[in-house]
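Me: I would like to go through this structure with you. Could you take my questions in turn?

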Amino acid sequence: MSSTMLKLFLLFTVLSFYLASGQKVKPLPCKGVTQDATVSEVDIMPCPKFPCQFKRGTNVSVAITFTLNAGATTASSATTVVHGIIGGVSVPYPTAYTDACKTTGIHCPLAPGVKNVYKAQLFVKPEYPTVNLYAKWELQDQTKADIFCFEIPAVIV
C-alpha cells in the first residue's frame with residue numbers, strides 16, 4: 001500500500017469514527033412530569049444542535065445515561081413511550097423498544113443509585129412529511145410512572 005493510500009485510509013478511519021460518535025444535547029424537561037431518575041447525558045446521532053434534523057429514510061440513534069434517584073422505588077420493568085408533538089398534538093410513535101429491559105441494554109430491575117445506559121434506534125420513514133415537531137421520550141416503570149421524560153425540538157427533512 002502506498003504512503004498516500006495509507007494516509008487516506010487513516011484519515012477516512014478517523015473521520016468515520018468522529019462522525020459515528022453521538023452528539024450530546026441538553027433536552028428539555030417534560031412539563032408537569034415528576035421523574036424518578038436523573039439523566040446525566042443524552043447523545044443523539046445525528047443532532048449537533050437544536051432543532052435536530054432527522055432525514056427521512058435514515059436511522060436516528062439515542063443513548064441516554066441515567067441513574068434512578070435515591071428515594072425512587074426499584075423499577076421491576078421499564079417501558080419506552082415515544083410521541084411526536086406536532087402543533088400541540090401528541091402523536092404516538094411505535095417503537096421496537098417497548099420492553100426496554102429486553103431491547104435497550106438496561107438491566108431490570110433498575111435500582112436507585114445505579115448508572116444505566118439506554119440505547120435505541122428509530123427509523124425515520126421515507127413517507128413522513130417534512131414537519132417541525134418535538135420528540136417526547138419517556139421511560140416508564142411498572143406503574144406507568146416516569147423514570148425519565150424529555151423533549152427535543154426536531155424537524156423531519
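**Surface, fold and ring pairs**

Me: How much area does the chain expose, and what share do carbon and sulfur atoms supply?
Reply: In this predicted model, the exposed area of the chain is about 9300 Å², and carbon and sulfur atoms supply 63% of it.

Me: What does the secondary structure come to?
Reply: The chain has two helices and ten strands. Their order along the sequence is α-β-β-β-β-β-β-β-α-β-β-β.

Me: Moving to threonine 95: is it buried or exposed?
Reply: Threonine 95 counts as buried because its relative accessibility is 18%, and the cut-off is under 20%. Threonine 95 sits in the loop between strand S7 (89–92) and helix H2 (100–103).

Me: Which residues does it touch, leaving aside neighbours within four places in sequence?
Reply: Threonine 95 is in contact with Thr80, Val82 and Leu122. In addition, its side chain reaches the backbone nitrogen of tyrosine 97 at 3.0 Å.

Me: How many aromatic pairs are there in the whole structure?
Reply: A search finds five. One of them joins tyrosine 93 and tyrosine 128 edge-to-face, at 6.2 Å centre to centre with 70° between the planes.

Me: Why does that pair tie together parts that are apart in sequence?
Reply: Tyrosine 93 lies in the loop between S7 and H2, and tyrosine 128 in the loop between strand S8 (115–124) and strand S9 (131–140), so the parts tied together are 35 residues apart.

Me: And which residues form the ring cluster?
Reply: Ring pairs link Phe66, Tyr118, Trp137, Phe148 and Phe150. Of these, tyrosine 118 and phenylalanine 148 are both buried.

How values were computed
Residues numbered from 1 in each chain as written. Predicted model: local features only at pLDDT ≥ 70, side-chain atom pairs only at ≥ 80, totals over all residues. Heavy atoms only, no water. Helix = DSSP H or I, 4+ residues; strand = E, 2+ residues; numbered from the N terminus. Areas by Shrake-Rupley, 256 points an atom, 1.4 Å probe, with all protein chains shown as cover. Buried < 20%, exposed > 50% of the residue type's maximum accessible area, 1.4 Å probe, protein only. Polar contact = N/O pair within 3.5 Å; in protein donor to acceptor, adjacent residues only side chain to side chain. Contact = heavy atoms within 4.5 Å. Phe/Tyr/Trp six-rings, centres within 6.5 Å; stacked < 30°, edge-to-face > 60°.
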